[in-house]
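Trainee: I'm new to this one. Could you show it to me and let me quiz you on the labels people use?

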Amino acid sequence: MPEQMIIHGGRALRGTVRASAAKNAVLPMMAAAILAEDESVLRNIPNLRDVAVMSDILRSLGAQVDSTLGEHGLTLRINPRGLDRHEVPDVLMGELRSSIFLMGALLGRIGRVRLAYPGGCPIGPRPIDLHLLGLRFLGAHIEERHGRIEAHASRLVGADIQLDLPSVGATENIMMAAVMAEGTTVIRNPAKEPEIVDLERLLNAMGASVRGAGMDAIVIEGPAKLRGTEYEPIPDRIEAGTLVLAGAISGGDVTVQSVIPEHLRPLLAKLRESGLEITAGDHWVRVRAAGRPVGFDCRTLPYPGFPTDLQPPLMALAAIADGTSVITETIYERRFSHAEELRRMGANIRVEGRSAIIKGVAGLSGAMVRAHDLRAGAALVLAGLAAEGATTVGDVGHIDRGYDCLEQKLTQLGAEVSRQRT
Ligand code: EPU
């Protein structure tokens, strides 16, 4: 049943809120869990739709997945012993981009996989050529037929793999297959995102030998006999950043706890540049806003550059900044659907190719808007916090893919946010 979120803007958010574990760390880890002989336990997992879909995918393959909800999220128990199927159901593939991780994981575990092209947010073409290239280098025979991919490998063998661009998903997929491959694999020009480093840690905790994540080359010695482990993924830097931006855009004073401030550095630097007061400790970040931020320029880049996943929420802030901002999106071709929706709220934004030119306005006004994708949805909720009157954000199912209890967290900070069925 479609739902919408209603935000009554104009309240400065104040207080403390806790970030959940990182969606983009959890999803590859759930796939990695099937590489083990026995059960793995993932703790404090955000209760997200993407996590539920990934659980269903693993169950459809014959793995057992139990989840119990606790104070800080789900405890997921993934037992791959009964896994005996290699076909991922089309309907589940279509719901989740991260389903592609099953390629590396299933090739590593049973040497066979059949799946459709993955779905996900409509933010421009998202090819998987680098995933396929890496897996082929490891010895997989891959055929693309009638919109499906079929791959098999009687044995995987380590290889030296150069990525044309540092794809997060390709790096993770190759890592998962490579731990089961015979010999040494080197991934050059890998993605360096913190979620990659976290996957390395999980795989090593399971008994793999992976080093170099976060650096210029990842070296994997295989094959490993992996055992189940217990693991708590890193905090979600994108969710945390969104909450920091919520404090900033509402002119408030917000502390986000349970974060790794270093992972938020590109955002915090940008916010300082725009005049916001930022302080940070070991596991927390505080933002204090006095008046409007000043306009800024920003360009999304692979880590440690500014994350594309915070580009839409940052644009909401630019919309109310004093002065003109230019935001350039270099990762995705079409990640500006929020610009048009923000315009409905009174923002002055012009999109030219991969750049958005935002002339800050003194105030936004509430409107009926629609979340076309996950981070665009977050941007609209933030804009709603700053707007005068009520903002209704439609299609919030997109937001539920990546933010656990967003409205509860914002309400805890003093926002007036509710949800209703449409
Ligand atoms: N690309 C290729 N070929 C490939 C793979 C990627 O050309 O084989 C291109 C993509 O088209 C894109 C760019 O490389 O233009 C970056 O894609 P990447 O593979 O790095 O992204 P991803 O693994 O598909 C993950 C996150 C995204 C996040 C990106 C970039 C997960 C589950 N998803 O996607 O998260 O935007 O990295 O940081 O980790 C989100 O959470 O809202 C989200 C979209």
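Mentor: Sure, let's begin with one residue. Leaving aside residues up to four places away in sequence, Val-417 touches Met-5, Ile-6, Ile-7, Leu-385, Glu-407, Leu-410 and Thr-411. Before you quiz me: this is a predicted model, where local features need pLDDT of at least 70 and side-chain atom pairs count only at pLDDT 80 or more, while totals for chains, interfaces and linings use all residues. Residues are numbered from 1 along each chain as its sequence is written, and side-chain values use heavy atoms, with hydrogens and water left out.

Trainee: What makes a residue one that Val-417 "touches"?

Mentor: Contact means heavy atoms within 4.5 Å. Met-5 is on the list for Val-417, so the pair has heavy atoms within that limit. The C-alpha atoms of Val-417 and Met-5 are separated by 6.9 Å, with their positions 412 residues apart along the chain.

Trainee: Where does Val-417 sit, and why is it called buried?

Mentor: Val-417 lies in strand S23, residues 416-421. Helices (H or I, at least four residues) and strands (E, at least two) are DSSP runs, numbered from the N terminus. As for the label, buried means under 20% relative accessible area, exposed over 50%, and partly exposed in between (1.4 Å probe, protein chains only). Val-417 has 12% relative accessibility, so it counts as buried.

Trainee: What about Asp-253, buried or exposed?

Mentor: Asp-253 has a relative accessible area of 18%, so it is buried. It lies in strand S14, residues 253-257. Beyond residues up to four places away in sequence, Asp-253 touches Leu-13, Arg-14, Gly-15, Arg-286, Val-287 and Arg-288.

Trainee: How do you know that the side chain of Asp-253 makes a polar contact?

Mentor: A polar contact is a pair of N or O atoms within 3.5 Å; within protein, one must be able to donate a hydrogen and the other to accept it, and residues adjacent in sequence count only if both atoms are side-chain atoms. The side chains of Asp-253 and Arg-286 come to 2.7 Å, so the pair fits the distance limit.

Trainee: Why is helix H10 called largely enclosed?

Mentor: Nine of the nine residues of helix H10 (residues 311-319) are buried, so the rest of the structure largely encloses this helix. Among the buried residues of H10 are Gln-311, Pro-312, Met-315 and Ala-319.

Trainee: What makes a pair such as Asp-90 and Arg-148 a salt bridge?

Mentor: The rule wants a side-chain nitrogen of Lys or Arg within 4 Å of a carboxyl oxygen of Asp or Glu. For Asp-90 and Arg-148, the closest N and O atoms are 2.3 Å apart, so the pair passes. Asp-90 is in helix H3 (residues 90-93) and Arg-148 in strand S8 (residues 148-152), so this bridge ties together parts that are 58 residues apart in sequence. Asp-90 counts as partly exposed at 36% relative accessibility, and Arg-148 counts as partly exposed at 26%.

Trainee: Why do Arg-145 and Glu-143 count as a salt bridge too?

Mentor: Their side chains meet at 3.8 Å, N to O, so they are within the cut-off. Arg-145, at 40% relative accessibility, counts as partly exposed, and Glu-143 does as well at 43%.

Trainee: Why is Asp-216 called exposed?

Mentor: Asp-216 has 56% relative accessibility, so it counts as exposed. Its salt-bridge partner is Lys-192, at 2.7 Å from N to O. Lys-192 is partly exposed, with a relative accessible area of 28%. A search of the whole structure finds 34 salt bridges.

Trainee: How is the chain divided into domains?

Mentor: The bounds come from an automatic or database domain assignment. That assignment gives domain 1 (3-20 + 235-421) and domain 2 (23-222). Their centres, taken over C-alpha atoms, are 30 Å apart. The contact takes 22 residues from domain 1 and 22 residues from domain 2.

Trainee: What does the rule find across the interface of domain 1 and domain 2?

Mentor: The rule finds two salt bridges there. It also finds seven residue pairs in polar contact, both at pLDDT 80 or more. On the side of domain 1 that touches domain 2, helix H12 (374-386) and helix H13 (397-400) are the elements that give two or more residues.
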